[in-house]
Amino acid sequence: MGRVAIWRITVAVVVALACTGMGAGSAGAVLGHSPAGADRGPATAWLCNPAMVTDPCNLPGDTTDLRTGQVADPPPVTAADRPVDCFYVYPTVTNQPALIADLGTDPVTTAIAELQAARFGSQCRMFAPIYRQATLFGLTPALLDTDILAPAYADVLNAWNDYLAHDNHGRGVILIGHSQGTMMLRKLIREQIDPDPALRAQLVGALLLGGNVKTAPASTVGGDFQNIPLCTQQGESGCVIAYSTTIADPAVSIFGNSTLDPLSHWMGLPIGPQYQVACTDPAVLSGDNEAVGLTLPSAPFAPGIISALLGYSAFPRGLPTSASTWTTAEQSFTGQCVDANGYRLYQFQATDPAGQRLNEIPLFETHLVDMNVGLDRLVSIAHQQTINWLAHR
């Protein structure tokens with residue numbers, strides 16, 4: 001099958017589903033127990049957990065930068081390098097032929113954990129639950145209010161309570177989510193953390209990408225959260241980083257518009273013209289205004305719809321790869337928050353238009369690589385937030 005045919009098929013499937021997503025899989029789930037009073041769903045199944053022998057969130061850090069040809073090989077990370085924890089909820093990933101995913105292992109969940117979360121393993125112990133998410137085939141019914149998202153949130157809430165009861169022990173926490181994972185964490189923070197002063201005090205930060213976090217206009221609060229603000233300063237802790245990426249000004253997108261957001265409505269999250277979608281500039285928050293790279297694991301992504309979209313659309317010349325565990329692509333990017341055609345997004349520009357091209361997907365912009373463009377800058381923000389949080393305990 002030719003590249004154009006595959007592009008048409010995959011885009012047609014994803015656009016028709018009106019979903020978000022990326023792909024991944026898991027290498028051996030760890031079962032936990034939900035504490036009394038939590039949702040009576042299944043016991044927690046962990047995709048990433050420090051107790052796991054094979055953990056997709058624990059990869060070596062060696063990286064080849066194709067922009068310079070340099071190879072970085074940092075020393076192994078020790079427990080002292082991880083003074084806080086991360087709680088990661090992955091995006092829509094599964095290719096399972098069902099509306100709601102089961103709690104079994106799946107190669108695409110492993111791949112997404114490696115793609116998005118593993119780089120943060122240099123900063124924190126990583127906890128990531130497997131959850132009964134709305135699948136690539138289930139988000140269209142979810143748009144019609146069929147409670148398809150309810151099992152997903154029940155599992156994430158169970159996992160959060162399980163983590164607090166058995167693993168947290170007063171440690172600081174960074175919450176990391178993308179797409180459907182961000183939707184889950186928006187609700188979790190809104191209902192469990194934002195109203196609770198003790199839990200707010202443990203929040204090192206929250207990185208919520210590709211999921212339409214909302215505030216009151218010209219405010220850092222007043223939408224999803226009343227007490228936890230958007231981050232506005234370098235190294236600031238206890239706050240939220242949120243944006244969705246694009247290259248061109250969007251004509252129609254499922255990201256960046258406070259009104260065109262039915263999934264938020266069905267999850268009981270703010271929606272409407274009285275709110276604005278958050279866009280926090282990672283260049284400001286990191287103190288790094290230099291052009292950033294796009295960093296990915298060098299291993300091939302697990303087969304499926306998302307793999308096809310990455311390989312035939314986002315990277316028409318093929319995914320960057322090298323002999324290292326990680327590869328930074330040839331191209332560099334700068335960016336800023338923009339308001340265009342009713343959408344509020346973080347817009348990237350390539351510093352060398354003749355370099356390796358990154359394409360957009362209709363309705364989704366550059367959603368597939370929200371986390372990976374400037375991934376090391378986000379890791380730096382997590383590091384700076386940790387230092388600040390520890391200094392003010």
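In the predicted model, ring pairs join Trp-46, Phe-87, Phe-127, Trp-160 and Tyr-163 into a cluster. Across the whole structure, a search returns eleven aromatic pairs. One of them is formed by Tyr-243 and Tyr-346, whose ring centres are 5.2 Å apart. The planes of these two rings meet at 40 degrees, so the pair is classed as tilted, since stacked pairs require planes under 30 degrees apart and edge-to-face pairs over 60. Tyr-243 is located in the loop between β10 (240-241) and β11 (245-246), whereas Tyr-346 belongs to strand β15; the pair therefore ties together parts that are 103 residues apart in sequence. Both partners are buried: Tyr-243 has a relative accessible area of 3%, and Tyr-346 has a relative accessibility of 0%.

Aromatic rings also take part in contacts with charged side chains. Arg-119 is placed over the face of Trp-326, 4.9 Å from the ring centre. Lys-187 is positioned over the face of Tyr-153, in this case at 5.4 Å from the ring centre.

On the surface, a nonpolar patch is made up of Leu-99, Ile-100 and Phe-137. Together these three residues contribute about 230 Å² of accessible area. Phe-137 is found in the loop between β6 (124-130) and α3 (139-142). With a relative accessible area of 35%, Phe-137 is partly exposed, and this value lies over the 30% required of a patch residue.

Backbone geometry was examined for positive phi angles. Most residues other than glycine have a negative phi. Asn-212, although not a glycine, has a positive phi of about 55 degrees. This residue, Asn-212, lies in the loop that connects β8 (203-209) with β9 (214-215). Asn-212 counts as buried because its relative accessibility is 5%, where the cut-off is under 20%.

Leu-363 is likewise not a glycine and has a positive phi, here of about 75 degrees. Its position is in the loop between β15 (343-350) and α10 (375-391). Strand β15, which precedes this loop, is also the strand that holds Tyr-346 of the tilted pair. At 22% relative accessibility, Leu-363 is classed as partly exposed. Asn-212 and Leu-363 thus fall into separate accessibility classes, the former being buried and the latter partly exposed.

Terms used
Residues are numbered from 1 along each chain as its sequence is written. This is a predicted model: local features need pLDDT of at least 70, side-chain atom pairs count only at pLDDT 80 or more; totals for chains, interfaces and linings use all residues. Side-chain values use heavy atoms; hydrogens and water are left out. Helices (H or I, at least four residues) and strands (E, at least two) are DSSP runs, numbered from the N terminus. Buried means under 20% relative accessible area, exposed over 50%, partly exposed in between (1.4 Å probe, protein chains only). Patches are made of residues with over 30% relative accessible area and no salt bridge: like charges are joined within 9 Å, nonpolar side chains (Val, Leu, Ile, Met, Phe, Trp, Tyr) within 5 Å. Accessible areas come from the Shrake-Rupley method with a 1.4 Å probe; for residues, only the protein chains shown count as cover. A salt bridge is a side-chain nitrogen of Lys or Arg within 4 Å of a carboxyl oxygen of Asp or Glu. Rings of Phe, Tyr and Trp (its six-membered ring) pair if their centres lie within 6.5 Å; planes under 30 degrees apart count as stacked, over 60 as edge-to-face and the rest as tilted. A charge sits over a ring if NZ of Lys or CZ of Arg is within 6 Å of the ring centre and within 35 degrees of the ring normal.
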